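Please walk through this model with your viewer open. Make each selection as it comes, then read what is there.

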Amino acid sequence: MRKKIIVGNWKMNKTIAEALDFVKAVDQKVHDQAEFGIATSFVALKSVKDAAKNLIVAAQNVHFKDSGAYTGEVSAPMLKELGLTHVIIGHSERRQMFNCSDEDVNLQAKKLLENDIVPIICVGETLEQFEESKTKEVIDTQVSAALNGIDAKDVEKVVIAYEPIWAIGTGKSASAQIAQDSCKAVRDVVAKLFGQEVADKLRVQYGGSVNTANIEEYMSQADIDGALIGGASLKADSFTEIIEKVK
Ligand code: PGA
């Protein structure tokens, strides 16, 4: 059975002090029936990684080169040195605001896997694409591009987060049925490319306005193996409630 993985994506929120307060309140609430993590800003990673005993600590982005003249960027070996095990890539905010392309996501995923770090690859359609019933097409394109040239044994380790852009930070979460159908569509693409056995091992998260009230319904869907959570991951109380509900 696939173990659920819940990751809080803090985006550009929380100073180091605020992040440490959160860890102090939440870390001991983590249980071993699922995996729980938080993706902090780059500057908070080391302090949070040192403080967290149970929470997975993830970064929100990575450059696909090891080193070089890339002002402002952070590489996979740098994150590995911190002991990080997971990094979010291809978030729609990076795709839309920082020109992150499907090709970049593929190079990032390969570089992370080379460093034994699990990529959490975000995919998802815009509102316009949703309204034009293009969700599955977008999922096919983004998932195929992200995993292009990756070995099947590595694909098994990857986490893919299906996040419809229209549901992110809007409070308009996708219905459990839509989330289930789209997460299944992600798995079907992986089955088509790498075989059903690999697809059955891959974990697929849903993300987009997940909160304490809807988490259980999402987690009861057959093809949803976790969640990527923005807003509701920022408060220790609500994240703790989510941890308690995912069993
Ligand atoms: P949200 O963000 O939970 O605030 O909608 C989700 C995300 O961007 O990963």
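The tour goes from the barrel to two pockets and then to the ligand.

**Stop 1: the barrel.** Keep in mind throughout that this is a predicted model. Show the strands as a cartoon. There are 8 of them closing into a barrel, and their pairing is parallel. Follow them round in the order 1-2-3-4-5-6-7-8. On average, neighbouring strands in this sheet are turned by 25° against each other, direction ignored.

**Stop 2: one strand pair.** Select residues 159–162, which form strand 6, and residues 203–207, which form strand 7. The two run parallel and are joined by 4 bridges. Which residue of strand 7 is the bridge partner of Ala 161? Pick Gln 205 to see that partner. In general, strands of a sheet pair through backbone hydrogen bonds.

**Stop 3: the largest pocket.** Now look at empty space. The largest pocket has a volume of about 490 Å³. Its lining counts 18 residues; select Lys 11, Met 12, Gln 60, Arg 94 and Phe 98, the closest to the pocket centre. Next, colour helix 4, residues 92–97. Helix 4 gives the most to this lining, with 3 residues. By class, the lining of the largest pocket splits into 7 nonpolar, 7 polar and 4 charged residues.

**Stop 4: the second largest pocket.** Move on to a space of about 230 Å³. Here 17 residues form the lining, and the closest to the centre are Lys 11, Gly 169, Ser 209, Gly 230 and Gly 231. This lining has 9 polar, 5 nonpolar and 3 charged residues. Lys 11 was also on the list for the largest pocket.

**Stop 5: the ligand.** Select the ligand and the 13 residues around it. Those that come nearest are Lys 11, His 91, Glu 163, Gly 169 and Ser 209. Which atoms face the ligand's oxygen atoms? Start with Glu 163: a polar side-chain atom lies 2.6 Å from a ligand oxygen. Then turn to the backbone. Gly 169 has a backbone N or O atom 2.6 Å from an oxygen atom of the ligand. For Ser 209, a backbone N or O atom lies 2.8 Å from a ligand oxygen atom.

Note on methods
Residues are numbered from 1 along each chain as its sequence is written. This is a predicted model: local features need pLDDT of at least 70, side-chain atom pairs count only at pLDDT 80 or more; totals for chains, interfaces and linings use all residues. Side-chain values use heavy atoms; hydrogens and water are left out. Two strands pair if DSSP finds at least two bridges between them. Axes are lines fitted to C-alpha atoms, for helices over the stretch in contact, and angles run from 0 to 180 degrees between N-to-C directions. On a 1 Å grid over the protein atoms alone, a cavity is a set of points where a 1.4 Å probe fits but cannot get out, and a pocket is an open set with protein on both sides within 12 Å along at least five of seven lines; lining residues have an atom within 4 Å of a point. Grid points are joined across faces, edges and corners, and a volume is the space filled by probe spheres set on the points. Ala, Val, Leu, Ile, Met, Phe, Trp, Tyr, Cys and Pro count as nonpolar, Asp, Glu, Lys and Arg as charged, and the others, Gly among them, as polar. A residue is near a molecule or strand if one of its heavy atoms lies within 4 Å of it. A polar contact is a pair of N or O atoms within 3.5 Å; within protein, one must be able to donate a hydrogen and the other to accept it, and residues adjacent in sequence count only if both atoms are side-chain atoms.
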